[in-house]
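User: I would like to go through this structure step by step. Please reason briefly before each answer.

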Amino acid sequence: EERLRKEDEAKAERARFELQELVRKEREAKEERLKREIELDDERRRLKAEAQKEREAAEEHLCEKAVAESERAKLEAEAEAQAERRRVESVEKARREREAEEERQRNEDEAKAERARFELKELVRKEREAKEEHLQREYELEAERRRSA
């Protein structure tokens with residue numbers, strides 16, 4: 001009986017020990033699982049934060065790119081408008097110069113015509129005076145011949 005009781009006690013002790021080992025191993029396994037879950041959660045949060053930063057950086061880049069594109073388009077439009085203004089000014093300047101040249105030419109032509117009219121009048125006056133002198137001389141010669149005759 002004593003031997004059986006001691007064997008039973010030894011078996012019970014061994015069973016308690018095995019049970020304690022099993023509980024310890026399960027607790028360690030559970031702690032390891034929790035530790036891994038915490039690490040995975042930390043890793044997920046880190047990756048999520050990185051992804052968020054990358055999205056924000058991409059959005060920032062797109063915004064900067066859009067602003068730069070808008071600025072480029074604005075400068076391009078201003079340059080085109082300035083080029084158009086210069087072209088219009090150039091056309092206007094050429095028109096004014098052409099009109100001024102036409103006016104100068106008209107004035108010059110009018111002055112030449114006026115000079116030609118004056119010279120023609122002078123020529124007609126001189127011819128008339130020459131004819132009158134010639135007629136006067138002929139008249140005087142005729143009168144001289146009559147007196148002489």
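The questions below go from the whole chain to single residues.

User: What kind of model is this, and how many helices and strands does the chain have?
Analyst: The model is predicted. Its secondary structure is counted for the chain as a whole, and helix α1 covers residues 2-148. The count for the chain is 1 helix and 0 strands.

User: What is the radius of gyration of the chain, and what would a compact globule of 149 residues have?
Analyst: A compact globule of 149 residues would have a radius of gyration near 15 Å. The C-alpha atoms of this chain fill a box of roughly 215 × 10 × 5 Å along the principal axes. The radius of gyration of the chain is 63 Å, against near 15 Å for the globule.

User: What share of the residues in the chain is buried?
Analyst: A residue counts as buried when its relative accessible area is under 20%. The accessible surface of the whole chain is about 14,200 Å², and 54% of that surface belongs to carbon and sulfur atoms. Of the 149 residues, the buried share is 0%.

User: How far apart are the centres of the positive and negative side chains?
Analyst: The chain has 43 positive side chains and 50 negative ones. Each set has a centre, and the two centres can be compared in position. They lie 1 Å apart.

User: How many salt bridges does a search of the whole structure find?
Analyst: Side chains of opposite charge can pair when their charged atoms come close. In this chain one such pair is R98 and E102, whose side chains meet in a salt bridge. The number found in the whole structure is 27.

User: What is the N to O distance in the salt bridge between R98 and E102?
Analyst: R98 and E102 both lie in helix α1, 4 residues apart, which is about one turn of the helix. R98 is partly exposed at 45% relative accessible area, and E102 is partly exposed at 40%. Their side chains meet with an N to O distance of 4.0 Å.

User: Why are E101 and R104 about one helical turn apart, and what is the N to O distance of their salt bridge?
Analyst: The two residues are separated by about one helical turn because they are 3 residues apart in helix α1. E101 is partly exposed, with a relative accessible area of 38%, and R104 counts as partly exposed at 39%. The N to O distance of their salt bridge is 2.4 Å.

User: Which residues are linked in a network of salt bridges with R104?
Analyst: R104 meets E101 in a salt bridge, and R104 also meets E108 in a salt bridge of 2.7 Å, N to O. E108 and R104 are 4 residues apart in helix α1, about one turn of the helix, and E108 is partly exposed at 31% relative accessible area. The residues linked with R104 in the network are E101, E108 and K112.

User: Which residues make the nonpolar surface patch of about 270 Å²?
Analyst: A residue needs over 30% relative accessible area to be part of a patch. L22, in helix α1, counts as partly exposed at 47% relative accessibility. The patch of about 270 Å² is made by L19, L22 and V23.

User: Is R3 buried or exposed?
Analyst: R3 is found in helix α1. The cut-off for exposed is over 50% relative accessible area. R3 has 56% relative accessibility, so R3 counts as exposed.

User: What distance separates the C-alpha atoms of R3 and R33?
Analyst: R3 belongs to helix α1. Along the chain, R3 and R33 are 30 residues apart. Their C-alpha atoms are separated by 44 Å.

User: How far apart in space are E84 and F17, C-alpha to C-alpha?
Analyst: E84 is found in helix α1 and is partly exposed, with a relative accessible area of 38%. In sequence, E84 and F17 are 67 residues apart. In space, C-alpha to C-alpha, the distance is 98 Å.

User: What distance separates the C-alpha atoms of R98 and V23?
Analyst: R98 is found in helix α1, and V23 helps make the nonpolar surface patch. The two residues are 75 residues apart along the chain. Their C-alpha atoms are separated by 110 Å.

Methods
Residues are numbered from 1 along each chain as its sequence is written. This is a predicted model: local features need pLDDT of at least 70, side-chain atom pairs count only at pLDDT 80 or more; totals for chains, interfaces and linings use all residues. Side-chain values use heavy atoms; hydrogens and water are left out. The radius of gyration is taken over C-alpha atoms; the globule rule is 2.2 Å times the number of residues to the power 0.38. Buried means under 20% relative accessible area, exposed over 50%, partly exposed in between (1.4 Å probe, protein chains only). Accessible areas come from the Shrake-Rupley method with a 1.4 Å probe; for residues, only the protein chains shown count as cover. Lys and Arg count as positive and Asp and Glu as negative; His and the chain ends are not counted. The place of a charge is taken as NZ of Lys, CZ of Arg, CG of Asp or CD of Glu. Patches are made of residues with over 30% relative accessible area and no salt bridge: like charges are joined within 9 Å, nonpolar side chains (Val, Leu, Ile, Met, Phe, Trp, Tyr) within 5 Å.
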